[in-house]
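Student: I've got a new model open and I'd like to learn how to read it feature by feature. Could you walk me through it?
Tutor: Sure, let's put it on screen and start with contacts.

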Amino acid sequence: MPASRAPLPQPTPESQPFFDALKQRRLLIQRCTDCGNAYYYPRPFCPACLSSEVEWEQASGRGTLYSFVINHRAAPGFVAPYIIAVVELDEGPRMMSNLVHVEPDPEMVHCEMPVEIVFDDVDDDFTLPRFRPIDS
């Protein structure tokens, strides 16, 4: 019996530029040109002022660990334990991802630790953003 694979996100017309950029090893976020708010997840309007005047910009891929949980009860397709992370990007938005390249041990992980993006090619056509600690 083949091993199951974790489900992949399904790009929408609004999120396709985000996923296309990940394949190119770039992290894109959106910014409102009316109020200046940077945000994630992709959508056709600003969540702060509801303007539809938004554009894509390249993010640095760096941030800090805002929150995390070490999951010991994996869903089908996942291997436990693993770290589910909320990362606050240097540009301001928070995004949910996984923390990798560190033991899933509360002694090794802490909020406000600096992190950077890792591009995970899950197959030939799909890349996901993960984050790893930055050595201080």
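**Reading the fold and its cysteines**

Student: What share of the contacts between residues at least 6 apart in sequence join residues at least 24 apart?
Tutor: Keep in mind that this is a predicted model. In the protein chain, 49% of the contacts between residues at least 6 apart in sequence join residues at least 24 apart.

Student: And how many helices and strands are there?
Tutor: The protein chain has one helix and eight strands. Going along the sequence, the order is α-β-β-β-β-β-β-β-β.

Student: How compact is the chain?
Tutor: Compare its radius of gyration with what the globule rule gives for that length. Here the radius of gyration is 16 Å, close to the 14 Å from the rule for 136 residues, so the protein chain is as compact as a globular protein of that length. Along the principal axes, the C-alpha atoms fill a box of roughly 45 × 40 × 25 Å.

Student: What about burial and surface?
Tutor: Of the 136 residues in the protein chain, 36% are buried. The chain exposes about 8200 Å², and carbon and sulfur atoms supply 51% of that.

Student: How many positive and negative side chains does the chain have?
Tutor: There are 11 positive and 20 negative side chains. The centres of the two sets lie 3 Å apart.

Student: Now the cysteines. What is a disulfide, and how many does the structure hold?
Tutor: The general idea is that a disulfide is a covalent bond between the sulfur atoms of two cysteines. This structure holds zero of them. Take Cys32: the nearest cysteine sulfur belongs to Cys49 and is 3.7 Å away, and Cys32 is in no disulfide.

Student: Why is Cys46 not bonded to Cys35?
Tutor: Check the sulfur distance against the cut-off, which is within 2.5 Å for a disulfide. The sulfur of Cys46 is 3.6 Å from that of Cys35, its closest cysteine sulfur, so the two are too far apart for a bond.

Student: Are Cys32 and Cys46 buried or exposed?
Tutor: The cut-off for buried is under 20% relative accessible area. Cys32 has 2%, so Cys32 is buried. Cys46 has 0% and therefore counts as buried too.

Student: Which residues does Ser51 touch, and where does Ser51 lie?
Tutor: Ser51 lies in the loop between β2 (38-39) and β3 (54-58). Leaving out residues up to four places away in sequence, Ser51 touches Cys32, Asp34, Pro44, Phe45 and Cys46. At 9% relative accessibility, Ser51 counts as buried.

Definitions and conventions. Residues numbered from 1 in each chain as written. Predicted model: local features only at pLDDT ≥ 70, side-chain atom pairs only at ≥ 80, totals over all residues. Heavy atoms only, no water. Helix = DSSP H or I, 4+ residues; strand = E, 2+ residues; numbered from the N terminus. Rg over C-alpha atoms; globule rule 2.2 N^0.38 Å. Buried < 20%, exposed > 50% of the residue type's maximum accessible area, 1.4 Å probe, protein only. Contact = heavy atoms within 4.5 Å. Areas by Shrake-Rupley, 256 points an atom, 1.4 Å probe, with all protein chains shown as cover. Lys, Arg positive; Asp, Glu negative; His and termini not counted. Charge placed at Lys NZ, Arg CZ, Asp CG, Glu CD.
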